[in-house]
There are 4 protein chains.
Amino acid sequence: MADAKVAIPVSEESSPYPLIARQGAANALVSIGDVVFGGSEFVVIAGPCAVESQEQIEHAARMVQQTGGRVLRGGAFKPRTSPYSFQGLGLEGIEYLRRASLKAEIPFITEVMTVDSVEELEARVDAFQIGTRNMHNFDLLRAIGETRKPVMLKRGFGATLKEWMFAAEYIAKGGNSNIILCERGIRSFAPETRFTLDLAGAVWAKQESCLPVIIDPSHATGLPQLISPLTRAAAAAGLDGVMVEIHDDPSQALSDGDQALTMRQFETLIRELKPVVEAMGRRMENV
Amino acid sequence: MADAKVAIPVSEESSPYPLIARQGAANALVSIGDVVFGGSEFVVIAGPCAVESQEQIEHAARMVQQTGGRVLRGGAFKPRTSPYSFQGLGLEGIEYLRRASLKAEIPFITEVMTVDSVEELEARVDAFQIGTRNMHNFDLLRAIGETRKPVMLKRGFGATLKEWMFAAEYIAKGGNSNIILCERGIRSFAPETRFTLDLAGAVWAKQESCLPVIIDPSHATGLPQLISPLTRAAAAAGLDGVMVEIHDDPSQALSDGDQALTMRQFETLIRELKPVVEAMGRRMENV
Amino acid sequence: MADAKVAIPVSEESSPYPLIARQGAANALVSIGDVVFGGSEFVVIAGPCAVESQEQIEHAARMVQQTGGRVLRGGAFKPRTSPYSFQGLGLEGIEYLRRASLKAEIPFITEVMTVDSVEELEARVDAFQIGTRNMHNFDLLRAIGETRKPVMLKRGFGATLKEWMFAAEYIAKGGNSNIILCERGIRSFAPETRFTLDLAGAVWAKQESCLPVIIDPSHATGLPQLISPLTRAAAAAGLDGVMVEIHDDPSQALSDGDQALTMRQFETLIRELKPVVEAMGRRMENV
Amino acid sequence: MADAKVAIPVSEESSPYPLIARQGAANALVSIGDVVFGGSEFVVIAGPCAVESQEQIEHAARMVQQTGGRVLRGGAFKPRTSPYSFQGLGLEGIEYLRRASLKAEIPFITEVMTVDSVEELEARVDAFQIGTRNMHNFDLLRAIGETRKPVMLKRGFGATLKEWMFAAEYIAKGGNSNIILCERGIRSFAPETRFTLDLAGAVWAKQESCLPVIIDPSHATGLPQLISPLTRAAAAAGLDGVMVEIHDDPSQALSDGDQALTMRQFETLIRELKPVVEAMGRRMENV
């Protein structure tokens with residue numbers, strides 16, 4: 001059923017981004033650990049915005065794994081608007097993530113922000129994330145393109161869909177095609193949600209490229225009560241997964257706590273999601 | 001399940017738009033003919049952008065009804081950017097719609113553009129539509145508020161979510177609470193789709209108000225290949241229906257042909273939609 | 001010097017809005033009372049957002065006239081987001097405006113919101129204003145097109161420049177070419193100012209059409225400290241005038257008080273503006 | 001007169017970006033070569049988008065210097081949406097710029113895109129430019145902060161005004177306060193100009209910070225016929241300068257030729273600008 005939606009195949013000859021362009025029904029499959037994106041599974045990535053302590057991230061990893069999440073997320077290097085805000089635990093946070101990931105037997109993804117750190121992180125992380133503010137950091141795109149790690153490329157909140165495709169092409173041109181696209185909301189005039197989730201744009205990206213596409217409704221909306229409906233919407237629209245923020249105690253989070261789901265809300269999300277995923281002829285593991 | 005998503009009830013006392021505000025789990029039910037919006041049915045409205053002839057609209061009505069559409073749409077008075085563009089067939093078009101609707105036994109909805117015509121149209125149409133360019137035409141909102149006809153209020157493409165709520169309150173203040181909200185895309189910088197469908201905003205509106213909420217993916221995106229995925233997304237997000245444009249021969253349409261679905265694409269949409277609607281614990285009639 | 005900027009004349013044959021399109025260097029001149037827009041004068045329109053009392057508006061008219069303002073503005077019918085907000089004094093407010101205008105010997109402009117009121121107001125006002133929310137109210141555009149009163153057409157805050165041109169063409173098609181265009185800010189993602197003043201768009205409109213073009217920095221920014229710099233910018237860019245909000249006691253205004261200039265700030269604005277207007281080879285009257 | 005516009009001084013204590021915040025009337029002065037930004041001079045920076053050859057840039061430097069431009073611009077490292085587009089001449093282009101700059105006795109500014117190249121370029125350029133796509137490249141901001149070179153920080157086309165202030169604070173925190181802010185247009189829904197120049201935002205930045213602020217109307221609008229009016233507008237609004245693109249033969253430019261001014265248009269711009277600058281009580285050198 002997933003393939004039925006790909007109505008306008010783009011031939012390699014004519015595409016301005018030939019390495020990532022869709023050609024017929026074949027989807028690229030991208031693995032983080034043993035979790036495959038772009039195939040028959042609808043994948044849930046979950047975790048806190050920022051790694052805060054060994055205990056916090058270990059607990060989160062266990063909860064995510066037990067509830068049906070398949071990949072752990074957590075930021076150790078945080079892009080912050082103000083130079084005076086908490087910038088993350090850095091390499092120490094990466095170590096916390098590694099240990100939590102191994103213990104709970106769930107792979108993890110984390111943001112990389114500087115070219116210098118790519119080599120050091122490559123040996124330690126399961127997947128890179130390129131954040132929305134770095135989508136146009138061509139230097140970083142090239143550096144990641146020279147690794148062979150899977151990378152999730154978030155759309156810039158001020159970027160057009162084609163610019164997003166071209167950013168992926170920059171990575172692929174270096175030889176790394178293990179790219180997952182993530183729509184995380186764009187800037188618009190509408191103030192009620194933090195950004196405007198461009199679900200139509202995510203579907204467009206799925207049809208235009210061969211890459212897996214997921215959404216991040218937590219950053220897109222900033223409103224916990226919208227996360228579960230939008231996750232189901234992503235599944236029904238034929239996308240490949242979702243990344244959500246959870247926190248044991250959102251009111252105490254060091255970063256973006258307001259938008260995080262409690263564990264109980266996350267369980268409800270998974271329970272409500274499953275029938276929709278199955279109605280689409282796809283599956284969820286461990287649920 | 002639908003009620004589970006309404007996480008933040010707004011009390012009547014504190015709402016700035018008390019007549020339409022959500023209070024607990026109860027949804028307002030709005031009927032067009034015998035079709036109920038806001039209940040257990042997920043409703044598909046379909047038809048051509050503009051009424052072009054008696055034959056065209058009769059054929060469309062029959063096709064819509066046979067395929068699983070529940071309400072016929074068609075414009076007789078068209079809001080056009082240029083005063084030199086085709087402005088619709090006017091009252092003659094309304095007559096065509098009426099006859100087609102009666103023959104195919106399917107109610108219809110059509111746009112009203114002027115205060116003067118409200119009285120004349122009230123006796124002839126099953127439901128009014130207020131278009132995106134008139135969401136802030138307070139004069140028209142008041143005039144419709146004095147009728148008792150169901151009305152679909154489209155969100156202005158430059159309007160915030162709260163402004164949309166207030167526009168509904170203008171109608172309700174006149175005594176007419178038969179209001180269906182329709183998100184049809186907002187203006188953003190992203191050029192690949194005609195507008196940016198604000199699905200999160202539609203879910204927000206469903207949680208904030210007691211009114212049925214649907215989306216119009218045809219006008220929102222202008223791209224036929226996105227209509228079916230977004231329709232399923234609306235169902236999975238807990239919204240109440242969808243309005244889509246269809247045309248026998250999109251290339252010959254007098255208005256907005258590019259975004260219309262062929263009848264065959266429309267049949268596929270209905271077939272792909274049904275399992276998602278059922279997974280949400282809701283139903284489609286006549287499918 | 002003004003004509004030197006019109007670099008791309010649009011020929012009548014090719015323009016999609018032939019009645020308002022620029023053809024060579026000739027500007028249309030539009031008069032409100034004895035004040036001419038589009039000629040050598042740079043015109044300042046000023047007044048309170050809403051008419052609140054006879055005393056208030058008489059005082060404002062006198063102050064505006066004495067300080068160098070040339071046209072009085074004041075709203076008697078107010079488009080308000082909420083149906084529960086102050087909607088203006090209506091016809092009583094129009095009477096207050098008329099008396100204040102006659103006494104201070106300064107013409108006035110005021111917003112018209114409904115088709116029904118056009119005839120009644122035509123006999124009583126010096127100029128109509130069509131507000132940003134009504135730019136796409138085609139019914140109202142047509143009704144104003146059938147009068148011969150000057151009309152200031154504000155750009156819709158969600159409208160493209162071409163849509164604004166077409167709205168003017170709707171008016172001109174009825175036979176009324178006494179149109180002044182007013183850019184008043186568009187919606188954007190930037191939250192620091194209320195709207196984003198599109199000064200480049202206003203200059204574009206001046207080059208694309210033969211009509212006078214002014215700006216409304218008060219509504220565009222909502223920040224009093226930006227009004228004077230932006231007024232000078234409008235003059236230096238070759239535009240024809242400005243409309244600003246003033247209030248004796250902004251903190252007590254019934255509508256939009258935060259953005260109003262005090263009389264003292266208005267005097268400073270005029271004093272700082274004059275040398276820029278003269279540097280452009282134009283003039284201000286009564287200063 | 002310039003100081004009169006700074007109506008809302010921000011005290012150091014309360015500012016979230018204390019190193020760049022305005023405190024009273026004092027402006028920071030930033031020099032590129034012997035040209036001072038933020039003082040009594042209104043500065044024009046001009047040059048081609050990309051350095052294409054030694055001859056081209058030498059000719060441009062001479063023309064800019066003779067016509068009244070004070071700083072030469074030219075890109076040797078070009079941020080391009082597509083990895084397959086011309087990426088600039090790199091270090092060779094920097095050498096061309098240096099020679100042209102020395103010969104014509106006019107300092108130059110050029111974009112820096114990677115952290116690795118900062119040290120190498122620091123010894124060779126007169127000023128750095130951080131482009132709109134790198135405004136949120138915190139790594140690059142920090143690296144530039146550790147140099148003592150003047151830097152022009154362009155606003156991200158998707159960035160709020162406060163985010164722009166914070167980006168400047170990142171640079172200042174490293175010890176480098178030689179920052180010039182440049183507004184170059186933001187993304188909006190309006191398609192007629194390439195971006196929407198936020199002149200009000202530039203004035204806001206001038207009032208909020210102590211830094212010099214200029215605009216780049218060439219990139220903001222993409223329309224040569226708007227450059228001269230907007231340059232005058234910047235001067236009249238109290239800003240400190242402008243950066244414009246010129247090209248001997250815009251139709252043959254390797255990058256962004258459509259928006260470049262011919263030398264003759266540039267001469268007209270300078271001639272029309274001077275009286276406005278003088279009316280503001282400021283001056284232009286070499287004109």
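How many bridges join strand β7 of chain C to strand β8 of chain C? The views below, all taken from a predicted model, begin with this pair.

**View 1. Strands β7 and β8 of chain C.** Four bridges connect β7(C), residues 151-154, with β8(C), residues 179-183. The two strands run parallel. Within the pair, Val151(C) has Ile179(C) of β8(C) opposite.

**View 2. The barrel of chain C.** Eight strands of chain C close into a barrel, in the order β3-β4-β5-β6-β7-β8-β9-β10. The pairing is parallel. On average, and with direction ignored, neighbouring strands of this sheet are turned by 25 degrees against each other.

**View 3. Helices on the sheet of chain C.** Helix α1(C), residues 54-67, packs on the sheet and touches β3(C) (43-47) and β4(C) (71-73). The direction of α1(C) makes about 145 degrees with that of β4(C). Helix α2(C), residues 91-104, lies across β4(C) and β5(C) (108-111). Relative to β5(C), helix α2(C) runs at about 165 degrees.

**View 4. Length and end of helix α2 in chain D.** Helix α2(D) comprises 14 residues, 91-104. At 1.5 Å a residue the helix should span 20 Å, and its end C-alpha atoms are 20 Å apart, so the two values agree. Just after the helix, Glu105(D) has a positive phi of about 55 degrees.

**View 5. Buried and exposed sides of helix α2 in chain D.** The buried residues of α2(D) are Gly93(D), Ile94(D), Tyr96(D), Leu97(D), Ala100(D), Ser101(D) and Ala104(D). These residues cover an arc of only 160 degrees around the axis, which means that they lie on the same side of α2(D). An α-helix has 3.6 residues a turn, so residues three or four places apart point the same way. Leu102(D) and Lys103(D) are exposed, on the face of α2(D) turned away from its buried side.

**View 6. Packing partners of helix α2 in chain D.** The buried residues of α2(D) pack against two helices and two strands of chain D. The helices are α1(D) (54-67) and α3(D) (118-122). The strands are β4(D) (71-73) and β5(D) (108-111).

**View 7. Chains A and D about their axis.** A turn of 180 degrees, with a shift of 0.0 Å along the axis, lays chain A on chain D with an RMSD of 0.0 Å. The two copies are therefore related as by a two-fold rotation axis. Gly158(A) has the C-alpha of chain A nearest the axis, 2.2 Å from it. Of the interface residues of chain A, 100% are also interface residues in chain D, so the copies meet through the same surface.

Notes. Residues numbered from 1 in each chain as written. Chains lettered and ligands numbered in written order. Predicted model: local features only at pLDDT ≥ 70, side-chain atom pairs only at ≥ 80, totals over all residues. Heavy atoms only, no water. Least-squares fit on C-alpha atoms with pLDDT ≥ 70 in both. Contact = heavy atoms within 4.5 Å. Expected span 1.5 Å × (residues − 1). Buried < 20%, exposed > 50% of the residue type's maximum accessible area, 1.4 Å probe, protein only. Arc of directions from axis to C-beta. Pairing = 2+ DSSP bridges. Axes fitted to C-alpha atoms, helices over the stretch in contact; angles between N-to-C directions.
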